[in-house]
There are 2 protein chains.
Amino acid sequence: MTKTPTRIQQRNRAAIMSAGLDVFSKFGFRGATLDQIAEAAGLSKPNLLYYFASKEAIHDALLERLLETWLDPLKDLDGAGDPIAEIMGYAQRKLTMSRDYPRESRLFANEILQGAPRIAETLKTDLKQLVDEKADIIKAWADAGKIAKIDPHHLIFSIWAFTQHYADFDVQVRAVLGDKPPYDGAAAFLDTLYEKLLRP
Amino acid sequence: MTKTPTRIQQRNRAAIMSAGLDVFSKFGFRGATLDQIAEAAGLSKPNLLYYFASKEAIHDALLERLLETWLDPLKDLDGAGDPIAEIMGYAQRKLTMSRDYPRESRLFANEILQGAPRIAETLKTDLKQLVDEKADIIKAWADAGKIAKIDPHHLIFSIWAFTQHYADFDVQVRAVLGDKPPYDGAAAFLDTLYEKLLRP
DNA sequence: TCTTGGTTTGACCAACTGGTCAAAACAACG
DNA sequence: CGTTGTTTTGACCAGTTGGTCAAACCAAGA
């Protein structure tokens, strides 16, 4: 019987989530401080703790929301669709997410880098199940000769790695490219790469 | 006129570097504590500070040593060698480094994720120069029709992304693969991927 | 207007942080 | 052995950290 939150609650909880995303994605859980988050949210620290029980509660809420949306692009990979178009569509969707939600990508990267203490279970159950399921689809395509024979798991890893690289290693990418915008070239390269890899 | 360090100095400084690598690679600079490092090194905190002036000094020493060796595989890419063999050799060398030095990879990833506050300059000068130089070689190969026409910079990014993924996202890779060892499949996939991409 | 329930804050706290220092312990060489 | 330079440590410190709490503030309906 939880009451519907007031407008103030909605506004402040949203501000805290956004501020937490900023700070956690930049410093990781241990490196982030409540004072930083409070300041970024425009609230006092006690006020922040009026809305979230603890530092960990903010982090948990962020991770939960992230995991929900993070795997959506893969869920959309459709076994009934055109194989090459489906896989390349997935890769492009992931690249778009890196471009539009780099903070989320870095929050996730931080969590994994630190050994995934808070989501290891989810990875071993939900994520593994989803990936195995999609890997089966890809393997069936390969067996039917519709795409080249490749290891489906490592194919998925390669998509994750390449697309997230542009969000997680943003400063390095920009340092190397200088003025050139990263994402145009990345999308074109992605197309070429998987087109050549997948064509049987 | 710096004196040669005693055996004790060599042993303890090495122990501190290794302990620092453990802790910094797991928690990032801000998330790591001197107490953790001291305990991992088997020394008391004041004793640790007898060998390194500060927390930052340990981190700096690690980053400096890392940058030296981190770029060696790319330096070895030889414009006079066989194009496809050179690029695929580089990719395999990087994958081997991920397997054998995962802590170093994660230390680097942490630094970049957090905005590379300590090495941004090096990236914009040394790294950019090296990459541009090798990109020119690759572009020349492409122009001469010896490999397929692809964007050299994004090709290099893709190698970094894919190979480092196995070190940086180790727990996720293992969660998804279950019992299967990651690196055998990765090396095989890497071969297929760049073989297909690069053949003109 | 008063009341009620949600909201905000200043003052505070114990634990932890990076770092200091003088004194003690030790190694090694003559 | 004694001396000299190196190594180690316990006690300590000031600043920061996550978190608490009672009191004040405020919005809005009766």
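# Chatting through a predicted protein–DNA model

Reader: Let's start with helix α7 of chain B. Which of its residues are buried?
Author: This is a predicted model. In it, the buried residues of α7(B) are Glu104(B), Ser105(B), Arg106(B), Leu107(B), Phe108(B), Ala109(B), Asn110(B), Glu111(B), Ile112(B) and Leu113(B).

Reader: How many of the helix's residues is that, and what does it say about α7(B)?
Author: 10 of the 12 are buried, so α7(B) is largely enclosed by the rest of the structure.

Reader: What about its span, from first C-alpha to last?
Author: α7 of chain B covers residues 102-113 and reaches 16 Å, close to the 16 Å expected at 1.5 Å a residue.

Reader: And what follows it?
Author: Gly115(B) comes after α7(B), and its phi is positive, near 95°.

Reader: OK, zooming out. How many helices and strands does chain A have?
Author: Chain A has 11 helices and 0 strands. Its C-alpha trace spans about 60 × 50 × 30 Å along the principal axes.

Reader: What share of chain A is buried?
Author: Of the 200 residues in chain A, 52% are buried. As for contacts in chain A with a separation of 6 or more, 70% are between residues 24 or more positions apart.

Reader: How is chain A laid on chain B?
Author: A turn of 180° with a shift of 0.0 Å along the axis lays chain A on chain B with an RMSD of 0.1 Å. The two copies are thus related as by a two-fold rotation axis.

Reader: Which residue of chain A comes closest to that axis?
Author: That's Gly31(A), with its C-alpha at 2.2 Å from the rotation axis. The same surface serves both copies, too: 100% of the contact residues of chain A recur in chain B.

Reader: Now the DNA. Which residues come nearest to strand D?
Author: There are 20 residues around DNA strand D, and the nearest are Leu34(A), Lys55(A), Thr6(B), Gln9(B) and Tyr51(B). Sugar and phosphate make up 59% of the strand D atoms that come within 4 Å of the protein.

Reader: Which polar atoms lie by the phosphate oxygens of strand D?
Author: A polar backbone atom of Lys55(A) is 2.8 Å from a phosphate oxygen of strand D. From the side chains, a polar atom of Asn12(B) lies 2.9 Å from a phosphate oxygen of the strand, and an N or O atom of Tyr50(B) is 3.0 Å from a phosphate oxygen.

Reader: Which elements give two or more residues to that surface?
Author: From chain A they are α2 (34-41) and α3 (45-51), and from chain B α1 (7-31) and α3 (45-51). By class, the surface near strand D has 8 nonpolar, 7 polar and 5 charged residues.

Reader: And strand C, which residues come nearest there?
Author: Thr6(A), Gln9(A), Tyr51(A), Leu34(B) and Lys55(B) come nearest, out of 21 residues around DNA strand C. Of the strand C atoms within 4 Å of the protein, 58% belong to sugar and phosphate.

Reader: Which residue has a polar side-chain atom by a base nitrogen of strand C?
Author: Lys45(B) does, with a polar side-chain atom 2.9 Å from a base nitrogen of strand C. On the phosphate side, an N or O atom in the side chain of Tyr51(A) is 2.6 Å from a phosphate oxygen, while Tyr50(A) has a polar side-chain atom 3.2 Å from a phosphate oxygen.

How values were computed. Residues are numbered from 1 along each chain as its sequence is written. Chains are lettered from A and ligands numbered from 1 in the order in which they are written. This is a predicted model: local features need pLDDT of at least 70, side-chain atom pairs count only at pLDDT 80 or more; totals for chains, interfaces and linings use all residues. Side-chain values use heavy atoms; hydrogens and water are left out. A residue is near a molecule or strand if one of its heavy atoms lies within 4 Å of it. A polar contact is a pair of N or O atoms within 3.5 Å; within protein, one must be able to donate a hydrogen and the other to accept it, and residues adjacent in sequence count only if both atoms are side-chain atoms. Helices (H or I, at least four residues) and strands (E, at least two) are DSSP runs, numbered from the N terminus. Ala, Val, Leu, Ile, Met, Phe, Trp, Tyr, Cys and Pro count as nonpolar, Asp, Glu, Lys and Arg as charged, and the others, Gly among them, as polar. Copies are superposed by least squares on the C-alpha atoms of residues with pLDDT of at least 70 in both. Contact means heavy atoms within 4.5 Å. The expected span of a helix is 1.5 Å times one less than its number of residues. Buried means under 20% relative accessible area, exposed over 50%, partly exposed in between (1.4 Å probe, protein chains only).
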